[in-house]
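Hi everyone, thanks for making time this morning. Let me put the structure up so we can look at it together.

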Amino acid sequence: MDNNGSMDGIRNIEVREITDCIARLCVEANESLPEDVRRALDRYRDMEREDLPRGILEKIIENYHIADDEHVPICQDTGMAVIFLEIGQDVHLTGGDLHDAVNEGVRRGYVDGYLRKSVVADPIRRGNTGDNTPAMVTTEIVPGDHVRITVAPKGFGSENMSAIRMLKPSQGLEGVKDFIIDAVRAAGPNPCPPMIVGVGMGGTFDKAALLAKKALLRPVDSSNPDPYYAELEKELLERINELDIGPQGLGGVTTALGLNVETLPTHIAGLPVAVNISCHVTRHGTEVI
């Protein structure tokens, strides 16, 4: 045991550090669009042939520059706080309950940062919690002695248009493609396109949905490391951008800025597929402590 009370190979981290980090990331993620999304908006603006969709993308670009300069949220819907924690197996968390620490970080971020509070305490009886808690927390134990924290505020104009389907294996790849395209077509203008599409395939009902959510964290200009799925991502994005939904649903070649596919093994009798749709304000911030 060392002078800090840690056993050899075990690192103590006080949960207040997680609170402070999450409070900071809640504000930063809401005020600053990730660089990959910025690049995609610039690229697609230059691809638009008509004045209307091109003008809409120019206004979207102007909007995120104003958010940067004035330190204000990019969107009035500052989202529900989705938190991913990758906790090293050699970490010992001290000083309190982890989930309490996470929610305190969200409370501070949204209250002190003057962000809109959008969470209700009950799905039917409603009632605003007043501080945007509780957060939706996913934890994963990984090798190492650090904690990787990702805060991804998720607006519900796009979340509401997401979908999951338990396909039969006999429906195969074409069934998967049809479901994804149909989900985006049904979403239409509602998710404030241009959108970003996260796709989760495999696992179980719940894991497919989680995969789709995590797919939104990948840069839009990245590709699945498996060439088979990288080609599927490319094909689906091209087909989606041929739907002519366009920026804000008013037509054009920019319905989606990116589409990311993540997969897991699954049961011989199943083919779960989830589509998590996000608007162009696909916000997230990550820090390692």
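I'll talk about the cysteines, and then about one strand and its partners.

Keep in mind that this is a predicted model. So, how many disulfides does the structure hold? The count is 0. Take C26, which is in no disulfide: the nearest cysteine sulfur belongs to C21, and that one is 9.4 Å away. C26 is also buried, with a relative accessible area of 0%.

Now over to C192. Why is there no bond to C279? The closest cysteine sulfur to that of C192 is indeed the one in C279, but at 6.2 Å it is too far for a bond; the cut-off for a disulfide is within 2.5 Å. Unlike the buried C26, C192 is partly exposed, at 38% relative accessible area.

On to strand β9, residues 271-278. Is this strand enclosed or open? Here 8 of the 8 residues are buried, so β9 is largely enclosed by the rest of the structure. As a reminder, side chains in a regular strand alternate between the two faces of the sheet. In β9 both faces are covered: one side has L271, V273, V275 and I277, the other has P272, A274, N276 and S278, and all of these are buried.

Which strands pair with β9? Strand β6, residues 163-167, runs antiparallel to β9 and is joined to it by 5 bridges. Strand β7, residues 195-203, is antiparallel to β9 too, with 6 bridges between them. If you'd like a place to zoom in, try V273 in β9: R165 stands opposite V273, and so does M201.

Conventions: Residues are numbered from 1 along each chain as its sequence is written. This is a predicted model: local features need pLDDT of at least 70, side-chain atom pairs count only at pLDDT 80 or more; totals for chains, interfaces and linings use all residues. Side-chain values use heavy atoms; hydrogens and water are left out. Buried means under 20% relative accessible area, exposed over 50%, partly exposed in between (1.4 Å probe, protein chains only). Helices (H or I, at least four residues) and strands (E, at least two) are DSSP runs, numbered from the N terminus. Two strands pair if DSSP finds at least two bridges between them.
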